[in-house]
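Student: Could you walk me through this model before I start setting anything up?

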Number of protein chains: 2
Amino acid sequence: MTFLLENQSTSAPRAGLLQTPHGTIHTPIFMPVGTQATVKALSPEELVGLGAQIILGNTYHLYLRPGTEVIGRFGGLHGFMHWHGPVLTDSGGFQIFSLAGLSKLSEEGYAFQSHLDGGARHMLTPERAIEVQLALNSDIMMCLDQCIAYPAGHDEALRALALTTRWARRCKARWQAEPECPNSLFGIVQGGMFKDLRSRSAEEIVAIGFPGYAVGGLSVGEPKALMLEMAAHTLKLLPTDAPRYVMGVGTPSDLVEMIGLGADMFDCVMPTRNARNGQLFTSQGILNIANARHRDDTAPIDAACGCYACRHYSRAYVRHLYQAKEILAHRLTTIHNLHFYLNLVKEARMAILEGDFERFRRDFRSQQQNGAENDCQ
Amino acid sequence: MTFLLENQSTSAPRAGLLQTPHGTIHTPIFMPVGTQATVKALSPEELVGLGAQIILGNTYHLYLRPGTEVIGRFGGLHGFMHWHGPVLTDSGGFQIFSLAGLSKLSEEGYAFQSHLDGGARHMLTPERAIEVQLALNSDIMMCLDQCIAYPAGHDEALRALALTTRWARRCKARWQAEPECPNSLFGIVQGGMFKDLRSRSAEEIVAIGFPGYAVGGLSVGEPKALMLEMAAHTLKLLPTDAPRYVMGVGTPSDLVEMIGLGADMFDCVMPTRNARNGQLFTSQGILNIANARHRDDTAPIDAACGCYACRHYSRAYVRHLYQAKEILAHRLTTIHNLHFYLNLVKEARMAILEGDFERFRRDFRSQQQNGAENDCQ
């Protein structure tokens, strides 16, 4: 994997080219979440049409169902799900933490019970997390880390980051044991909401050395200002010549702010999940399609949007589909929201290359603020 | 509306061209069911890609939600749902019969309570059924008829057909009151499972005179042989120069047999509904995708099929999506099943034009029989 920065300015926002075994990614980039080997409601062709360059798969879900044995028969996720671009997979740790039944953490790894098959017992070690991701053949694998809830005390955060560091070493060793492995592995910085611990974690993870780095443990319930403060502090500590991925973030404005801080990659279920709940992102702010005032509105979701849904369908029709619980509702709203996210990072990238990111951020902020007020009428 | 027969042989199976305000339909044709102004799980572009030439909308559902006032704002169903080909709508009578709460039949029409809005009261008269369909701007409207359950006695079936005839006159009068109406109206033959009543109904409806005729009241629970006997008897009584539509039919083999009897048009929820239940139609018979033996099967649903799902995805992947309740499962299985139905009538049509329908029917029967046995393993 190689990473080239296209803008050489000294300012934080970066535009880069990240080369992976399945293609080159133009950063900053948003990665649609394809938890169960599908980005919910969409086909791979639709993702390509939306300009998605890389998607995220969830190791925990895929390990449990259909299992790596099945996906291995197809040489990995790409062949299994008919997506031929780059794939990033998480390590599974976050889902064990948030979804699994009784899970027990030890130096060895996570012992957990599946949330699916009535409690079958499984063990995920750092080595196993890499092996599963190798079977998925993800272009970018993530180290197993220990996630903590918010708020957490300094002691707890310290213990978690120390374990995360020891696991990162084991992950790297397992990865390096693969002869000529084209798949890449990212390290994850933890440290809770403590700057000293974020510094220590960044130092330790960078010392181990990875082709890319992620900021984990954000967007877990903390106030927005705290999230941005932690991200700003951590991103500054990461090497400039490696891609920086802020995990699980965020709202459109989170993305714009994080790009301003020098982040390159993002993933979040928000555009896809909110779409299925009828909450749509527009140039004028949030629009709730279930709202009765859209009942006979012949206008598109967003007149400024060029997505398939906005080109061909009215708010009245999308609302009707949503009220009638039709599958096409989920398709159209998902297309719209992902288009909004992918277009947003694309425009941010163009602004960076034109040396005009500050103007872009200012325009975005004022547009969204006005829109948010409008929607409250 | 004009209807031209392309084959002039004396045999029953027919290939025709049916011209409507939104395009020409090549018969025999299967009409995918788009109950709530969407063929469940699919986009209009996908329907076009599948070769769908006309779709069916359900007047009862659309009248209740979103209502004709909303659809009227778009000039009808076409603009509302972004489907620009022909549309046929039923009259709403069958759904009142099968879905509505307390419904009361009188000479005037159906008084019924909605199954949706907690029992609001509505009245559907023959005139109102036409007015609603005019607002939907369906290319082919259907007369309001009285449906009866199976089994029903001779007296009950006689009363229902007599009312259906009186209502057909009122429907025609309301339709003819529209100046220069380009939309067409089909009459419906009822008569239960009694040949004398079918004859009487056909005679009365044909005497009123419509651009096309439907055989109603079949596929309501009667044995297959009885259904075919009634269809054969009724179809023979209908004018050869008008299209003949067998409503709510049926399985793939029902379609082939009915085409053999001279039917031109069909609709059925089976391909779309069964798709969502994981039951797939293949050249080798029925395939249940949930079956554990497909768990790691890298083969497509049907190796003989050229649909999008079979070109790009394995049984293992489709089964995984189905087990994981992913929307893409419904999309792929619906595409596959509709492709099977639409391809079947297309091949039947080609065989008719080549004067080779008997060979086609024989091959189809033997293939499906072998397949059905295979699937029971």
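Tutor: We can take the contact between the chains and then some strand pairings, keeping in mind that this is a predicted model.

Student: Okay, how many residues does each chain put into the contact?

Tutor: Chain B contributes 31 residues to the contact, and chain A contributes 31 residues as well.

Student: Which helices of chain B supply at least two residues each on that side?

Tutor: On the side of chain B that touches chain A, those helices are H3 (68-72), H4 (77-81), H13 (315-323) and H14 (327-353), and among the contributors H13(B) gives the most, with five residues.

Student: And by class, what does that side of chain B have?

Tutor: The side of chain B that touches chain A has 14 nonpolar residues, together with nine polar and eight charged ones.

Student: Switching to strands, how many bridges join S15 and S16 of chain B?

Tutor: Strand S15 (residues 279-282) and strand S16 (residues 285-288) of chain B run antiparallel and are joined by four bridges, with B:Gln279 having B:Asn288 as its bridge partner in S16(B).

Student: What links those two?

Tutor: A hairpin of two residues leads from S15(B) to S16(B).

Student: Now chain A: what is the strand order in its open sheet of three strands?

Tutor: The order is S7-S8-S9, with antiparallel pairing, and the edge strands, S7 (103-105) and S9 (121-124), each pair on one side only. Neighbouring strands of this sheet are turned by 15 degrees against each other on average, with direction ignored.

Student: How many bridges between S7 and S8 there?

Tutor: Three bridges join S7(A) to S8 (residues 110-113) of chain A, and A:Lys104 has A:Ala111 as its bridge partner in S8(A).

Definitions and conventions
Residues numbered from 1 in each chain as written. Chains lettered and ligands numbered in written order. Predicted model: local features only at pLDDT ≥ 70, side-chain atom pairs only at ≥ 80, totals over all residues. Contact = placed C-beta atoms within 7 Å. Nonpolar A, V, L, I, M, F, W, Y, C, P; charged D, E, K, R; others polar. Pairing = 2+ DSSP bridges. Axes fitted to C-alpha atoms, helices over the stretch in contact; angles between N-to-C directions.
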